[in-house]
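Welcome! Here is a short guided tour for anyone meeting this protein for the first time. Take a moment to look it over before reading on.

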Amino acid sequence: MSASSDEPARTGEPAAATDREAPPDIEHAAPDIDEAVARVEHELGRLFARIRVSWREAAQTVHPDLQPLGYQVLTSIATGKATSAGAIIERLQTDKTAVSRQVRQLEQLGLVESVRDPDDRRARVLVATELAQERVTAARSRYEARLAERLGRWSQADLDRFAEMLSELGGGASDRADGTTQAS
């Protein structure tokens, strides 16, 4: 029992909470949330480092002189997700100079060709050579096998929820690369 607002609190009893005071569970939640967010940030850092190592290994599988960014450019072209320099720049969120340098190297290594766009004869598109397709397939199969080994013990429901959570963390389809959100 607490005292009414007209009566003083009895000795030994806590005073009644006012509207301005946070409930005790909320006061203690912030440090727990901060700790959890810090742990997620730490684990994401470890994951990103492992991904960078995987890209480097995959690039070396394709060609010993290929850099990780070159591998990303090549896989964008080989999968058809980006077949022009502009599309690659947008997809990888990198600068034009870096993409141009990587495309030039991929052409010199015989992994990419620039051909006329069949839909617009004035434009050119980038296509992966047969050699590139074979080597990207080999590199991706190694990566996919490692990933399947790690995720193979998870249930379908856990994998689906994990994919949803990653999508939410990444901003989903509604967030643009420039940080603004598209209207739904």
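A residue is called buried when its relative accessible area is under 20% and exposed when that value is over 50%, while anything in between is partly exposed. With those cut-offs in hand, please keep in mind that this is a predicted model. The protein has 184 residues, and 18% of them count as buried. Its secondary structure comes to six helices and two strands.

**Overall layout**

- Followed along the sequence, the elements come in the pattern α-α-α-α-β-β-α-α.
- If you look at contacts with a separation of 6 or more, 40% of them join residues 24 or more positions apart.

**The largest nonpolar core**

- The largest nonpolar core has 21 residues, and the members that touch the most others are V62, L66, Y71, L74, I77, I88 and L106.
- Two or more core residues come from each of α1 (24–62), α2 (68–78), α4 (96–108), β2 (124–128) and α5 (130–151).
- Helix α2 provides the largest share of this core, namely five residues.
- As background, nonpolar side chains in soluble globular proteins tend to be buried together.
- A good place to start exploring is I88: leaving out residues up to four places away in sequence, I88 touches V73, I77, A82, Q93, V99, V103 and L126.

**The largest pocket**

- The largest pocket holds about 860 Å³ of space.
- This pocket is lined by 20 residues, and those closest to its centre are E43, L44, L47, F162 and L166.
- At least two lining residues come from each of α1, α5 and α6 (156–169).
- Helix α1 gives the most to this lining, with nine residues.
- Sorted by character, the lining of the largest pocket has twelve nonpolar residues, one polar and seven charged.

**The second largest pocket**

- The second largest pocket has a volume of about 560 Å³.
- Here 14 residues form the lining, with W55, Q72, T75, R91 and R140 closest to the centre.
- Helices α1, α2, α3 (85–92) and α5 each supply at least two of the lining residues.
- By character, the lining of the second largest pocket splits into six nonpolar, five polar and three charged residues.

**The aromatic pair**

- The structure holds one aromatic pair.
- The partners are W154 and F162, which meet edge-to-face, with 5.1 Å from centre to centre and 75 degrees between the planes.
- The pair counts as edge-to-face because its planes are 75 degrees apart, and over 60 degrees is what that label requires.
- W154 has a relative accessible area of 36%, so this residue is partly exposed.
- F162 has a relative accessible area of 32%, so this residue is partly exposed too.
- F162 may look familiar, as this residue is also one of those closest to the centre of the largest pocket.

**Helix α1 and the loop after it**

- V53 sits in helix α1, where this residue is partly exposed at a relative accessible area of 23%.
- Although V53 and P68 are 15 residues apart along the chain, their C-alpha atoms are separated by 8.7 Å.
- S54 also belongs to helix α1, and this residue counts as buried because its relative accessible area is 7%, below the 20% cut-off.
- Setting aside neighbours within four places in sequence, S54 is in contact with Y143 and R146.
- H63 is located in the loop between α1 and α2.
- H63 is buried, since its relative accessible area is 17% and the cut-off is under 20%.
- Not counting residues up to four places away in sequence, H63 touches L109 and R135.

**A backbone detail**

- Q93 lies in the loop between α3 and α4.
- The phi angle of Q93 is near 50 degrees, which is a positive value in a residue other than glycine.
- Q93 is also among the residues that I88 touches.

Note on methods: Residues are numbered from 1 along each chain as its sequence is written. This is a predicted model: local features need pLDDT of at least 70, side-chain atom pairs count only at pLDDT 80 or more; totals for chains, interfaces and linings use all residues. Side-chain values use heavy atoms; hydrogens and water are left out. Rings of Phe, Tyr and Trp (its six-membered ring) pair if their centres lie within 6.5 Å; planes under 30 degrees apart count as stacked, over 60 as edge-to-face and the rest as tilted. Buried means under 20% relative accessible area, exposed over 50%, partly exposed in between (1.4 Å probe, protein chains only). A nonpolar core is a set of buried Ala, Val, Leu, Ile, Met, Phe, Trp, Tyr and Cys residues joined through side-chain atoms within 4.5 Å. Helices (H or I, at least four residues) and strands (E, at least two) are DSSP runs, numbered from the N terminus. Contact means heavy atoms within 4.5 Å. On a 1 Å grid over the protein atoms alone, a cavity is a set of points where a 1.4 Å probe fits but cannot get out, and a pocket is an open set with protein on both sides within 12 Å along at least five of seven lines; lining residues have an atom within 4 Å of a point. Grid points are joined across faces, edges and corners, and a volume is the space filled by probe spheres set on the points. Ala, Val, Leu, Ile, Met, Phe, Trp, Tyr, Cys and Pro count as nonpolar, Asp, Glu, Lys and Arg as charged, and the others, Gly among them, as polar.
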